[in-house]
Amino acid sequence: MFNHISHKSLSLTAMAAVAFLASLLLPAAESRAGTGGPSFIRDAEIEHIIRVFATPAWVAAGLTPASVKIYLIDDPAVNSFVADGQNIFVQTGLLLKVRNPSELIGVLAHETGHIADGHLVRGAAALHQASVLGVASLLLGAAAVVAGGGGDNGVGGGVAIMAGGMQVAGRSYLQYSRNQESQADNAAVTFLDRSHQSAEGLLTFLKLLGHEEKIMVGTVDPYLLTHPLSEERIAALQERVDRSPYRNSLPPPAYTMMLHRVQAKITGFLDPLATTLKTYPESDQSLPARYARAIAYYRVPELDKALGLIDGLIGQWPDDPYFHELKGQMLYENGRAAEAVAPYAAAVKAAPDEPLLRYELGQAQLATNDPALLDPAITTLTQATIQDPDNASAWYQLSVAYGRADNLPMANLAAAERSLRLDLLEDAHIQATSAQAGLPFGSPAALRAEDIVSTTSREIADRHHH
(Lines give C-alpha, C1' and ligand atoms only; values in the text may rest on other atoms or scores of the structure.)
Protein backbone atom coordinates (compact mmCIF):
# COMPACT_ATOMS: atom_id res chain seq x y z
CA MET A 1 0.00 0.00 0.00
CA PHE A 2 1.78 3.10 -1.23
CA ASN A 3 -0.48 5.69 0.40
CA HIS A 4 -0.09 9.16 1.83
CA ILE A 5 -1.05 9.50 5.48
CA SER A 6 -1.84 12.36 7.81
CA HIS A 7 1.03 13.86 9.77
CA LYS A 8 -1.13 13.46 12.88
CA SER A 9 0.07 9.90 13.25
CA LEU A 10 3.41 11.30 14.41
CA SER A 11 4.07 12.54 17.88
CA LEU A 12 3.91 16.29 18.39
CA THR A 13 7.62 16.51 19.20
CA ALA A 14 8.58 14.74 16.00
CA MET A 15 6.31 16.97 13.98
CA ALA A 16 7.79 20.06 15.59
CA ALA A 17 11.24 18.90 14.55
CA VAL A 18 10.04 18.12 11.02
CA ALA A 19 8.33 21.50 10.75
CA PHE A 20 11.41 23.33 11.98
CA LEU A 21 13.75 21.47 9.67
CA ALA A 22 11.35 22.12 6.79
CA SER A 23 11.48 25.83 7.60
CA LEU A 24 15.26 25.69 7.23
CA LEU A 25 15.06 23.89 3.90
CA LEU A 26 12.30 25.84 2.14
CA PRO A 27 12.16 26.94 -0.60
CA ALA A 28 14.94 24.60 -1.68
CA ALA A 29 12.92 21.59 -0.54
CA GLU A 30 9.45 22.49 -1.76
CA SER A 31 7.26 19.46 -1.05
CA ARG A 32 5.13 17.82 -3.73
CA ALA A 33 2.28 18.31 -1.33
CA GLY A 34 2.75 22.10 -1.34
CA THR A 35 3.53 24.25 1.65
CA GLY A 36 0.87 22.73 3.89
CA GLY A 37 3.41 20.55 5.66
CA PRO A 38 5.21 17.31 4.95
CA SER A 39 3.32 14.45 3.34
CA PHE A 40 4.05 11.01 4.74
CA ILE A 41 3.84 7.67 2.96
CA ARG A 42 3.16 4.20 4.30
CA ASP A 43 4.44 1.37 2.13
CA ALA A 44 5.15 -2.09 3.50
CA GLU A 45 7.73 -3.01 0.86
CA ILE A 46 9.82 0.17 1.07
CA GLU A 47 9.76 0.17 4.88
CA HIS A 48 10.77 -3.51 4.87
CA ILE A 49 13.70 -2.92 2.50
CA ILE A 50 14.98 0.04 4.52
CA ARG A 51 14.82 -2.13 7.63
CA VAL A 52 16.73 -4.94 5.91
CA PHE A 53 19.44 -2.48 4.88
CA ALA A 54 19.66 -0.78 8.29
CA THR A 55 19.20 -3.63 10.77
CA PRO A 56 22.83 -4.86 10.88
CA ALA A 57 23.99 -1.35 11.82
CA TRP A 58 21.17 -1.02 14.37
CA VAL A 59 22.21 -4.28 16.01
CA ALA A 60 25.87 -3.26 15.96
CA ALA A 61 24.88 -0.01 17.66
CA GLY A 62 23.05 -1.87 20.43
CA LEU A 63 19.61 -0.72 19.29
CA THR A 64 16.54 -2.92 19.27
CA PRO A 65 15.41 -2.95 15.62
CA ALA A 66 11.73 -3.20 16.51
CA SER A 67 12.06 0.05 18.48
CA VAL A 68 13.37 2.05 15.52
CA LYS A 69 10.62 3.70 13.47
CA ILE A 70 10.96 4.52 9.78
CA TYR A 71 9.00 7.45 8.33
CA LEU A 72 8.88 8.06 4.58
CA ILE A 73 8.38 11.65 3.45
CA ASP A 74 7.10 12.44 -0.03
CA ASP A 75 9.59 15.10 -1.02
CA PRO A 76 11.89 15.11 -4.07
CA ALA A 77 14.62 16.87 -2.11
CA VAL A 78 17.54 14.69 -1.00
CA ASN A 79 17.40 14.45 2.78
CA SER A 80 17.16 12.20 5.83
CA PHE A 81 17.32 12.98 9.52
CA VAL A 82 16.46 11.69 12.99
CA ALA A 83 14.09 13.22 15.53
CA ASP A 84 12.16 12.52 18.71
CA GLY A 85 13.79 9.32 19.87
CA GLN A 86 14.59 6.42 17.59
CA ASN A 87 12.80 7.80 14.53
CA ILE A 88 14.50 7.97 11.14
CA PHE A 89 12.90 10.15 8.47
CA VAL A 90 13.79 9.36 4.85
CA GLN A 91 12.66 11.50 1.93
CA THR A 92 11.79 9.95 -1.42
CA GLY A 93 14.39 12.17 -3.08
CA LEU A 94 17.15 10.44 -1.14
CA LEU A 95 15.90 6.99 -2.14
CA LEU A 96 15.97 8.04 -5.79
CA LYS A 97 19.37 9.71 -5.50
CA VAL A 98 21.44 6.84 -4.11
CA ARG A 99 23.15 4.85 -6.85
CA ASN A 100 23.60 1.53 -5.08
CA PRO A 101 22.65 -0.24 -1.84
CA SER A 102 25.98 0.62 -0.19
CA GLU A 103 25.19 4.34 -0.37
CA LEU A 104 21.79 3.91 1.25
CA ILE A 105 23.24 1.58 3.89
CA GLY A 106 25.93 4.18 4.62
CA VAL A 107 23.40 7.00 5.02
CA LEU A 108 21.24 4.87 7.33
CA ALA A 109 24.31 3.93 9.39
CA HIS A 110 25.15 7.64 9.68
CA GLU A 111 21.66 8.41 10.99
CA THR A 112 22.04 5.48 13.38
CA GLY A 113 25.20 7.16 14.62
CA HIS A 114 23.19 10.24 15.58
CA ILE A 115 20.79 8.08 17.60
CA ALA A 116 23.43 5.94 19.29
CA ASP A 117 25.71 8.86 20.18
CA GLY A 118 22.89 10.66 21.99
CA HIS A 119 22.79 13.57 19.57
CA LEU A 120 19.03 13.65 19.83
CA VAL A 121 19.19 14.32 23.56
CA ARG A 122 21.83 16.99 23.27
CA GLY A 123 20.43 18.26 20.00
CA ALA A 124 17.06 18.86 21.61
CA ALA A 125 18.53 21.76 23.53
CA ALA A 126 20.06 23.22 20.36
CA LEU A 127 16.83 22.71 18.47
CA HIS A 128 14.90 24.32 21.30
CA GLN A 129 17.23 27.32 21.34
CA ALA A 130 16.93 27.67 17.55
CA SER A 131 13.17 27.28 17.77
CA VAL A 132 12.99 30.00 20.43
CA LEU A 133 14.86 32.37 18.11
CA GLY A 134 12.57 31.42 15.26
CA VAL A 135 9.38 31.85 17.29
CA ALA A 136 10.53 35.22 18.60
CA SER A 137 11.17 36.40 15.06
CA LEU A 138 7.74 35.20 13.98
CA LEU A 139 6.09 37.16 16.81
CA LEU A 140 8.05 40.30 15.92
CA GLY A 141 7.23 39.82 12.27
CA ALA A 142 3.52 39.39 13.00
CA ALA A 143 3.56 42.56 15.08
CA ALA A 144 5.24 44.44 12.23
CA VAL A 145 2.61 43.25 9.77
CA VAL A 146 -0.21 44.42 12.08
CA ALA A 147 1.50 47.75 12.74
CA GLY A 148 1.87 48.28 9.03
CA GLY A 149 -1.89 48.09 8.62
CA GLY A 150 -1.60 45.68 5.73
CA GLY A 151 0.44 48.10 3.60
CA ASP A 152 3.41 47.06 1.56
CA ASN A 153 5.93 48.49 3.99
CA GLY A 154 4.39 46.79 6.99
CA VAL A 155 4.07 43.41 5.31
CA GLY A 156 7.51 43.63 3.76
CA GLY A 157 9.09 44.59 7.07
CA GLY A 158 7.32 41.77 8.87
CA VAL A 159 8.43 39.18 6.35
CA ALA A 160 11.99 40.49 6.53
CA ILE A 161 12.02 40.13 10.31
CA MET A 162 10.56 36.62 10.11
CA ALA A 163 13.03 35.55 7.43
CA GLY A 164 15.97 37.09 9.26
CA GLY A 165 14.98 35.49 12.54
CA MET A 166 14.58 32.08 10.94
CA GLN A 167 17.99 32.46 9.31
CA VAL A 168 19.52 33.19 12.70
CA ALA A 169 17.64 30.20 14.14
CA GLY A 170 18.84 28.08 11.26
CA ARG A 171 22.45 29.10 11.71
CA SER A 172 22.18 28.44 15.43
CA TYR A 173 20.98 24.89 14.90
CA LEU A 174 23.13 24.10 11.88
CA GLN A 175 26.28 25.28 13.66
CA TYR A 176 25.48 22.71 16.32
CA SER A 177 24.74 20.15 13.61
CA ARG A 178 28.15 20.68 12.02
CA ASN A 179 29.78 19.70 15.28
CA GLN A 180 28.03 16.32 15.20
CA GLU A 181 28.54 15.13 11.64
CA SER A 182 32.05 13.75 12.01
CA GLN A 183 30.98 11.96 15.19
CA ALA A 184 28.10 10.33 13.32
CA ASP A 185 30.44 9.42 10.45
CA ASN A 186 32.83 7.74 12.87
CA ALA A 187 29.98 5.89 14.56
CA ALA A 188 28.68 4.77 11.15
CA VAL A 189 32.05 3.29 10.18
CA THR A 190 32.29 1.57 13.57
CA PHE A 191 28.84 0.02 13.22
CA LEU A 192 29.48 -1.02 9.64
CA ASP A 193 32.82 -2.57 10.61
CA ARG A 194 31.16 -4.49 13.43
CA SER A 195 28.61 -5.86 10.98
CA HIS A 196 31.32 -6.59 8.38
CA GLN A 197 30.00 -4.01 5.92
CA SER A 198 31.77 -1.32 3.94
CA ALA A 199 31.43 2.41 4.64
CA GLU A 200 32.57 3.19 1.10
CA GLY A 201 28.97 3.95 0.12
CA LEU A 202 28.62 6.76 2.66
CA LEU A 203 31.87 8.27 1.42
CA THR A 204 30.96 8.10 -2.28
CA PHE A 205 27.49 9.54 -1.60
CA LEU A 206 28.88 12.53 0.30
CA LYS A 207 31.49 13.09 -2.40
CA LEU A 208 28.72 13.03 -5.03
CA LEU A 209 26.72 15.68 -3.18
CA GLY A 210 29.83 17.75 -2.56
CA HIS A 211 30.73 17.66 -6.25
CA GLU A 212 27.21 18.66 -7.28
CA GLU A 213 27.23 21.49 -4.74
CA LYS A 214 30.28 23.01 -6.44
CA ILE A 215 28.79 22.94 -9.94
CA MET A 216 25.23 24.00 -9.03
CA VAL A 217 25.56 27.75 -8.59
CA GLY A 218 22.98 29.25 -6.25
CA THR A 219 21.60 25.86 -5.22
CA VAL A 220 22.29 24.03 -2.00
CA ASP A 221 21.06 20.49 -1.54
CA PRO A 222 18.91 20.17 1.61
CA TYR A 223 20.95 17.17 2.72
CA LEU A 224 24.01 19.40 2.88
CA LEU A 225 22.15 21.89 5.07
CA THR A 226 21.35 19.30 7.72
CA HIS A 227 24.55 17.32 7.07
CA PRO A 228 27.09 20.04 6.22
CA LEU A 229 30.23 18.93 4.43
CA SER A 230 33.80 20.10 4.82
CA GLU A 231 37.10 19.00 3.37
CA GLU A 232 38.20 17.99 6.86
CA ARG A 233 35.12 15.83 7.33
CA ILE A 234 35.59 14.06 3.99
CA ALA A 235 39.30 13.55 4.70
CA ALA A 236 38.57 12.07 8.13
CA LEU A 237 35.95 9.74 6.72
CA GLN A 238 38.29 8.74 3.88
CA GLU A 239 40.96 7.85 6.43
CA ARG A 240 38.55 5.66 8.41
CA VAL A 241 37.30 3.93 5.28
CA ASP A 242 40.85 3.28 4.02
CA ARG A 243 41.75 1.61 7.33
CA SER A 244 38.64 -0.59 7.43
CA PRO A 245 39.23 -4.29 6.70
CA TYR A 246 35.73 -4.35 5.16
CA ARG A 247 36.20 -1.49 2.73
CA ASN A 248 35.68 -3.74 -0.30
CA SER A 249 32.84 -5.79 1.15
CA LEU A 250 29.76 -5.70 -1.05
CA PRO A 251 26.13 -6.10 0.03
CA PRO A 252 24.31 -9.28 -1.04
CA PRO A 253 23.50 -9.19 -4.78
CA ALA A 254 19.77 -9.28 -4.00
CA TYR A 255 20.05 -5.83 -2.40
CA THR A 256 20.58 -4.20 -5.81
CA MET A 257 17.26 -5.51 -7.11
CA MET A 258 15.57 -4.45 -3.86
CA LEU A 259 16.80 -0.88 -4.30
CA HIS A 260 15.77 -0.85 -7.96
CA ARG A 261 12.28 -1.94 -6.93
CA VAL A 262 12.07 0.89 -4.40
CA GLN A 263 13.09 3.42 -7.04
CA ALA A 264 10.70 1.99 -9.63
CA LYS A 265 7.85 2.07 -7.13
CA ILE A 266 8.47 5.68 -6.12
CA THR A 267 8.67 6.72 -9.77
CA GLY A 268 5.51 4.86 -10.73
CA PHE A 269 3.48 6.29 -7.87
CA LEU A 270 4.76 9.87 -7.78
CA ASP A 271 5.69 10.81 -11.34
CA PRO A 272 3.34 11.45 -14.28
CA LEU A 273 2.77 8.51 -16.63
CA ALA A 274 4.84 10.14 -19.39
CA THR A 275 7.81 10.56 -17.05
CA THR A 276 7.58 6.97 -15.86
CA LEU A 277 7.40 5.66 -19.44
CA LYS A 278 10.46 7.74 -20.34
CA THR A 279 12.40 6.31 -17.40
CA TYR A 280 11.05 2.79 -17.89
CA PRO A 281 10.14 2.45 -21.61
CA GLU A 282 8.03 -0.41 -22.93
CA SER A 283 11.18 -1.89 -24.46
CA ASP A 284 12.55 -2.47 -20.94
CA GLN A 285 11.23 -5.83 -19.78
CA SER A 286 13.13 -5.95 -16.49
CA LEU A 287 11.25 -6.55 -13.27
CA PRO A 288 11.61 -2.96 -11.99
CA ALA A 289 10.46 -1.48 -15.31
CA ARG A 290 7.37 -3.69 -15.51
CA TYR A 291 6.64 -2.90 -11.86
CA ALA A 292 6.89 0.86 -12.46
CA ARG A 293 4.66 0.70 -15.55
CA ALA A 294 2.04 -1.42 -13.78
CA ILE A 295 1.82 1.21 -11.05
CA ALA A 296 1.80 4.12 -13.49
CA TYR A 297 -0.99 2.65 -15.63
CA TYR A 298 -3.12 1.85 -12.57
CA ARG A 299 -2.86 5.46 -11.43
CA VAL A 300 -4.06 6.92 -14.76
CA PRO A 301 -6.20 4.69 -14.52
CA GLU A 302 -5.73 2.17 -17.30
CA LEU A 303 -6.68 -0.74 -15.07
CA ASP A 304 -6.69 -3.48 -17.71
CA LYS A 305 -3.11 -2.65 -18.72
CA ALA A 306 -2.05 -2.43 -15.09
CA LEU A 307 -3.65 -5.75 -14.14
CA GLY A 308 -2.07 -7.44 -17.16
CA LEU A 309 1.37 -6.28 -16.07
CA ILE A 310 0.97 -7.22 -12.42
CA ASP A 311 -0.53 -10.61 -13.30
CA GLY A 312 2.54 -11.23 -15.47
CA LEU A 313 4.83 -10.45 -12.52
CA ILE A 314 2.77 -12.66 -10.18
CA GLY A 315 2.96 -15.46 -12.74
CA GLN A 316 6.76 -15.33 -12.65
CA TRP A 317 7.10 -14.66 -8.93
CA PRO A 318 4.01 -16.20 -7.29
CA ASP A 319 5.42 -15.96 -3.77
CA ASP A 320 6.21 -12.23 -3.88
CA PRO A 321 3.90 -10.58 -1.32
CA TYR A 322 4.21 -7.07 -2.74
CA PHE A 323 3.04 -8.02 -6.23
CA HIS A 324 -0.09 -9.54 -4.67
CA GLU A 325 -0.47 -6.45 -2.50
CA LEU A 326 -0.31 -4.14 -5.50
CA LYS A 327 -2.97 -6.15 -7.30
CA GLY A 328 -5.16 -5.94 -4.21
CA GLN A 329 -4.64 -2.17 -4.06
CA MET A 330 -5.52 -1.78 -7.74
CA LEU A 331 -8.80 -3.64 -7.28
CA TYR A 332 -9.71 -2.16 -3.90
CA GLU A 333 -9.19 1.43 -4.98
CA ASN A 334 -11.30 0.85 -8.08
CA GLY A 335 -14.34 -0.28 -6.08
CA ARG A 336 -13.70 -4.01 -6.41
CA ALA A 337 -13.15 -4.89 -2.75
CA ALA A 338 -14.49 -8.44 -3.04
CA GLU A 339 -11.92 -9.22 -5.76
CA ALA A 340 -9.17 -7.54 -3.72
CA VAL A 341 -9.56 -9.93 -0.78
CA ALA A 342 -7.82 -12.88 -2.48
CA PRO A 343 -4.63 -11.03 -3.54
CA TYR A 344 -4.40 -9.32 -0.15
CA ALA A 345 -4.79 -12.72 1.54
CA ALA A 346 -2.01 -14.09 -0.68
CA ALA A 347 0.20 -11.16 0.35
CA VAL A 348 -0.41 -11.86 4.06
CA LYS A 349 0.29 -15.56 3.56
CA ALA A 350 3.61 -14.74 1.88
CA ALA A 351 4.62 -12.13 4.50
CA PRO A 352 2.73 -12.83 7.75
CA ASP A 353 4.92 -10.49 9.79
CA GLU A 354 4.01 -7.38 7.77
CA PRO A 355 1.22 -5.61 9.71
CA LEU A 356 0.39 -3.20 6.88
CA LEU A 357 -0.57 -6.16 4.70
CA ARG A 358 -2.91 -7.47 7.40
CA TYR A 359 -4.43 -4.02 7.76
CA GLU A 360 -5.11 -3.87 4.02
CA LEU A 361 -6.65 -7.34 4.02
CA GLY A 362 -8.92 -6.47 6.96
CA GLN A 363 -9.92 -3.21 5.31
CA ALA A 364 -10.85 -5.03 2.09
CA GLN A 365 -12.78 -7.71 3.98
CA LEU A 366 -14.76 -5.03 5.77
CA ALA A 367 -15.39 -3.06 2.57
CA THR A 368 -17.11 -6.03 0.92
CA ASN A 369 -20.05 -5.63 3.34
CA ASP A 370 -20.25 -9.42 3.30
CA PRO A 371 -21.53 -10.65 6.71
CA ALA A 372 -19.49 -13.82 6.27
CA LEU A 373 -16.29 -11.75 6.21
CA LEU A 374 -17.09 -9.62 9.27
CA ASP A 375 -15.56 -11.95 11.87
CA PRO A 376 -12.49 -12.61 9.69
CA ALA A 377 -12.08 -8.83 9.31
CA ILE A 378 -12.15 -8.39 13.10
CA THR A 379 -9.57 -11.16 13.51
CA THR A 380 -7.33 -9.72 10.79
CA LEU A 381 -7.51 -6.14 12.04
CA THR A 382 -6.95 -7.22 15.64
CA GLN A 383 -3.76 -8.98 14.60
CA ALA A 384 -2.70 -5.91 12.61
CA THR A 385 -3.08 -3.68 15.68
CA ILE A 386 -1.12 -6.15 17.79
CA GLN A 387 1.75 -6.13 15.28
CA ASP A 388 1.59 -2.35 14.72
CA PRO A 389 -0.26 -0.66 17.58
CA ASP A 390 0.58 2.83 16.26
CA ASN A 391 -1.50 2.41 13.09
CA ALA A 392 -4.43 4.72 13.83
CA SER A 393 -6.19 3.71 10.60
CA ALA A 394 -6.19 0.05 11.65
CA TRP A 395 -7.80 0.99 14.98
CA TYR A 396 -10.46 2.97 13.09
CA GLN A 397 -11.28 0.03 10.83
CA LEU A 398 -11.43 -2.28 13.85
CA SER A 399 -13.82 0.11 15.57
CA VAL A 400 -16.08 0.09 12.49
CA ALA A 401 -15.95 -3.71 12.36
CA TYR A 402 -16.95 -4.08 16.01
CA GLY A 403 -19.73 -1.55 15.47
CA ARG A 404 -21.16 -3.60 12.62
CA ALA A 405 -20.98 -6.65 14.86
CA ASP A 406 -23.06 -4.74 17.47
CA ASN A 407 -20.20 -4.96 19.97
CA LEU A 408 -20.28 -1.32 21.03
CA PRO A 409 -17.96 -1.61 24.06
CA MET A 410 -15.16 -3.03 21.89
CA ALA A 411 -15.97 -0.50 19.16
CA ASN A 412 -15.54 2.29 21.72
CA LEU A 413 -12.29 0.78 22.99
CA ALA A 414 -10.85 0.57 19.47
CA ALA A 415 -11.96 4.16 18.85
CA ALA A 416 -10.21 5.21 22.07
CA GLU A 417 -7.00 3.52 20.89
CA ARG A 418 -7.22 5.43 17.60
CA SER A 419 -7.82 8.77 19.37
CA LEU A 420 -4.87 8.07 21.64
CA ARG A 421 -2.57 7.64 18.61
CA LEU A 422 -3.85 10.91 17.16
CA ASP A 423 -3.25 12.72 20.46
CA LEU A 424 -6.99 13.40 20.85
CA LEU A 425 -6.91 12.89 24.60
CA GLU A 426 -10.38 14.16 25.42
CA ASP A 427 -11.95 11.92 22.77
CA ALA A 428 -9.91 8.93 23.95
CA HIS A 429 -11.01 9.56 27.54
CA ILE A 430 -14.71 9.72 26.64
CA GLN A 431 -14.54 6.64 24.39
CA ALA A 432 -12.61 4.55 26.92
CA THR A 433 -15.05 5.56 29.68
CA SER A 434 -17.96 4.45 27.49
CA ALA A 435 -16.18 1.17 26.75
CA GLN A 436 -15.63 0.50 30.47
CA ALA A 437 -19.35 0.53 31.18
CA GLY A 438 -20.01 -2.43 28.88
CA LEU A 439 -16.91 -4.57 29.26
CA PRO A 440 -16.73 -7.56 31.66
CA PHE A 441 -15.11 -6.50 34.92
CA GLY A 442 -11.49 -7.59 35.13
CA SER A 443 -11.26 -8.65 31.50
CA PRO A 444 -8.16 -7.66 29.48
CA ALA A 445 -10.27 -5.23 27.46
CA ALA A 446 -11.72 -3.65 30.60
CA LEU A 447 -8.27 -3.28 32.13
CA ARG A 448 -7.02 -1.63 28.95
CA ALA A 449 -9.97 0.79 28.97
CA GLU A 450 -9.20 1.61 32.61
CA ASP A 451 -5.57 2.24 31.72
CA ILE A 452 -6.57 4.66 28.91
CA VAL A 453 -8.98 6.51 31.22
CA SER A 454 -6.29 6.86 33.87
CA THR A 455 -3.55 7.91 31.44
CA THR A 456 -5.65 10.47 29.59
CA SER A 457 -6.93 11.92 32.87
CA ARG A 458 -3.38 12.65 34.00
CA GLU A 459 -2.24 14.02 30.66
CA ILE A 460 -5.29 16.26 30.25
CA ALA A 461 -4.76 17.62 33.75
CA ASP A 462 -1.07 18.22 33.04
CA ARG A 463 -1.86 20.14 29.86
CA HIS A 464 -4.42 22.30 31.57
CA HIS A 465 -1.95 22.97 34.38
CA HIS A 466 0.72 24.11 31.95
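**Exercise 1. In this predicted model, determine whether Asp-43 is buried or exposed, and describe its surroundings.**

Solution.
Step 1. The relative accessible area of Asp-43 is 0%. Buried means under 20%, so Asp-43 is buried.
Step 2. Along the chain, Asp-43 belongs to the loop that joins strand S2 (40-42) to helix H2 (44-60).
Step 3. Two polar partners of the side chain can be named. A polar atom of the Asp-43 side chain lies 2.8 Å from the backbone nitrogen of Ile-46. The side chain of Lys-265 makes a polar contact with that of Asp-43, at 3.0 Å.
Step 4. Leaving aside residues up to four places away in sequence, Asp-43 touches Met-1, Phe-2, Lys-265 and Leu-356.

**Exercise 2. Check the span of helix H9 (residues 231-243) against expectation, and establish where its buried residues lie around the axis.**

Solution.
Step 1. H9 has 13 residues. The expected span is 1.5 Å times one less than the number of residues, which gives 18 Å for H9.
Step 2. The end C-alpha atoms of H9 are 18 Å apart, so the model agrees with the expected span.
Step 3. The buried residues of H9 are Arg-233, Ile-234, Leu-237, Gln-238, Arg-240 and Val-241. Because these residues cover an arc of only 165° around the axis, they lie on the same side of H9.
Step 4. Exposed residues Glu-231, Glu-232 and Arg-243 are carried on the face turned away from the buried side of H9.

**Exercise 3. Identify the residues that touch the most other members of the largest nonpolar core, and state which element contributes the largest share.**

Solution.
Step 1. In soluble globular proteins, nonpolar side chains tend to be buried together.
Step 2. The largest nonpolar core holds 93 residues, of which Phe-53, Ile-88, Leu-95 and Met-330 touch the most other members.
Step 3. Helix H2 supplies the largest share of this core, with 9 residues.
Step 4. Apart from this core lies another of 11 residues, including Leu-413, Ala-416, Ala-428 and Ala-435.
Step 5. Beyond four places in sequence, the contacts of Phe-53 are Pro-101, Leu-104, Ile-105, Leu-108, Tyr-255, Met-258 and Leu-259.

**Exercise 4. State the average pLDDT of the protein chain and locate stretches where pLDDT is below 50.**

Solution.
Step 1. The chain averages a pLDDT of 83, and 76% of its residues score at least 70.
Step 2. One stretch with pLDDT below 50 comprises residues 6-31, which have 55 contacts in the model beyond near neighbours in sequence.
Step 3. Over residues 119-174 pLDDT also stays under 50, and the model has 67 contacts for this stretch beyond four places in sequence.

Note on methods. Residues numbered from 1 in each chain as written. Predicted model: local features only at pLDDT ≥ 70, side-chain atom pairs only at ≥ 80, totals over all residues. Heavy atoms only, no water. Helix = DSSP H or I, 4+ residues; strand = E, 2+ residues; numbered from the N terminus. Buried < 20%, exposed > 50% of the residue type's maximum accessible area, 1.4 Å probe, protein only. Polar contact = N/O pair within 3.5 Å; in protein donor to acceptor, adjacent residues only side chain to side chain. Contact = heavy atoms within 4.5 Å. Arc of directions from axis to C-beta. Core = buried A, V, L, I, M, F, W, Y, C linked by side-chain atoms within 4.5 Å. pLDDT = per-residue confidence, 0-100.
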